[in-house]
Amino acid sequence: MTPMTGLEHADLLSDDAVIDPYPLLAALREHDPVHWSTRYRSWFVTRYDDVTAALRDPRFSSDRIAPYRRAKLDGPDADPELRAAFGVLEDWMVFKDPPDHRRLRRLLARAFTPRAVALMAPRIRVIAHELLDDVLAVGSGESDLVRDFAYPLTASVIAEMLGVPKQDREQFKDWSDQITGLVFGGLGNTTRHDAGARGMRELTDYLGRLVADHEQHPGDDLLTAMISARDDRDALTPDEVIATGVLLLFAGHETTTSLIGTGLLALLGDPEQRDLVTGTLDDGAVDELLRFDGPAKTVARVLVDDVELRGRSMHRGDRVFLSPASANRDPSVFERPDVLDLTRTGERHLGFGIGAHFCLGAPLARLETGVAVPLALERLPGLRLAATPQWHPVLLSRGMERFPVRFDVG
Ligand code: HEM
């Protein structure tokens, strides 16, 4: 039975909740922490302890692509391009359970090392400066900081790490945009699926050629490192290298773009905290930006067993959205959770997830955000919001589509 809380029609995709999901998440956390949504035919779990426990619980499975592909895309009428696109997603570790997940993660960790990330630090700074030079060169004192700064920065960084030649990077970004529709568009959204499937085919064809080229001519890049990542038991197959390349491209910039945007937005609204920002943000400060308003609005799981939680009966096969964004504002864990405090220490936030799927790219995300946010504040004097930002209307992720700002010129 759904408790009568007035939250029966709660909708995280209502106009208000897309702009600011936190009041609704607070109401759910307090009154209906394990909420059944008839609209999305899914559960929403919002308390810190429950989200943490579920992310560590094998009954909450990450393997949600393969069952969809088997149910919807294996028949004779299914679109072969869409089937192939879902085949690539199926090879993403983020959609796998053990033991496949452990294997893919172990092999990728051999290529995507802390050293490879640290080596990018000077490049991140150079690229960020170049982009801000371009923003300033326009001379209008106006910009969209997602379009002109956060997005091209993070996309260039991951493309460069993978070893994608410079002249191909624009194209690379277009494909990535199309794939976003496939991943975040919701299963069953056919228009987004069509464009996403086409983008996926073009990108995987492209990466296939690039992998073949890197096999012949190894470079000092992530794709080469993935091709040669092996241990005494195993190695990545060529298809897995391509799928993991797509995953890194995608995971490597959509989320970090969002965090650079929301981080700057939060600081623009809080002059006291903004005054604390000098030089590079340390990991603690980046993590507070992530706790306060991070990209992981929800992460999805599918139950492989029945689960009882806070008196609610959840059934095998049910879809569950676990909300790091809500957990990170849980007042039973964080003091004054709705206040941004860059000096905050204490309980760990869930913005990068927790458990087996904890974000593999966290060091890169911290590095990029720690450089990008202070640099934008430093180089764009009098930076302020120019108009209401436009937010992505999606359940899984929180980020701005458009972030219009003004700054002083001359
Ligand atoms: C602020 C930026 C980022 C945020 C908020 C973020 C968030 C997350 C979260 C919440 C998960 C766990 C998903 C789950 O449990 O289902 C995850 C996984 C992952 N992230 Fe990130 N991420 C960010 C940046 C990056 C970057 C820069 C990369 C790589 C270049 C990356 C690569 C990955 C990968 C490969 C996984 C899958 C790990 C696994 O399944 O074992 N992420 N991320």
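This report covers the cores, an iron site, the cavities and two local regions of a predicted model.

## Nonpolar cores

The largest nonpolar core holds 99 residues. Within this core, Trp92, Met161, Leu162 and Phe172 touch the most other members. Helix H13, spanning residues 238-268, is the top contributor, giving 15 residues. A second core stands separate from it, with 19 residues. Val34, Tyr48, Ala54 and Val320 are included in that second core.

What does Leu162 contact beyond its neighbours within four places in sequence? Its partners are Phe172, His214, Asp221, Leu222, Leu223, Met226, Gly245, Leu248 and Leu249. Phe172 is thus a contact of Leu162, and both are among the residues that touch the most other core members.

## Helix H3

Helix H3 runs over residues 48-55 and is mostly covered. Six of its eight residues are buried. They are Tyr48, Asp50, Val51, Thr52, Ala54 and Leu55. Tyr48 and Ala54 also belong to the second core.

## Iron site

Which protein atom is a donor to the iron atom of the ligand? The only protein donor is the SG atom of Cys359, at 2.3 Å. Cys359 sits in a loop. Helix H16 (324-327) lies on one side of that loop in sequence, and helix H17 (362-379) on the other.

## Cavities

Rolling a probe the size of a water molecule over the atoms shows where empty space is left. The count comes to three cavities of 30 Å³ or more. The largest cavity contains about 50 Å³ of space.

Its lining consists of Ala10, Asp11, Leu12, Leu24, Leu28, His35, Ser37, Tyr40 and Phe44. Helix H2 (22-31) and strand E1 (34-37) are the elements that give two or more residues to this lining. By class, the lining of the largest cavity has six nonpolar residues, two polar and one charged.

## Around Pro393

Pro393 lies in the loop between strand E10 (390-391) and strand E11 (400-402). Is Pro393 buried, exposed or partly exposed? Pro393 has a relative accessible area of 45%, so this residue is partly exposed. The cut-offs are under 20% for buried and over 50% for exposed.

Leaving out residues up to four places away in sequence, Pro393 touches Leu13, Val18 and Glu401. Pro393 and Ser14 are 379 residues apart in sequence. In space, their C-alpha atoms are 8.6 Å apart.

Methods. Residues are numbered from 1 along each chain as its sequence is written. This is a predicted model: local features need pLDDT of at least 70, side-chain atom pairs count only at pLDDT 80 or more; totals for chains, interfaces and linings use all residues. Side-chain values use heavy atoms; hydrogens and water are left out. A nonpolar core is a set of buried Ala, Val, Leu, Ile, Met, Phe, Trp, Tyr and Cys residues joined through side-chain atoms within 4.5 Å. Buried means under 20% relative accessible area, exposed over 50%, partly exposed in between (1.4 Å probe, protein chains only). Helices (H or I, at least four residues) and strands (E, at least two) are DSSP runs, numbered from the N terminus. Contact means heavy atoms within 4.5 Å. Donors are N, O and S atoms within 2.8 Å of the metal (3.2 Å for Na, K and Ca); water is not among the atoms, so sites may look incomplete. On a 1 Å grid over the protein atoms alone, a cavity is a set of points where a 1.4 Å probe fits but cannot get out, and a pocket is an open set with protein on both sides within 12 Å along at least five of seven lines; lining residues have an atom within 4 Å of a point. Grid points are joined across faces, edges and corners, and a volume is the space filled by probe spheres set on the points. Ala, Val, Leu, Ile, Met, Phe, Trp, Tyr, Cys and Pro count as nonpolar, Asp, Glu, Lys and Arg as charged, and the others, Gly among them, as polar.
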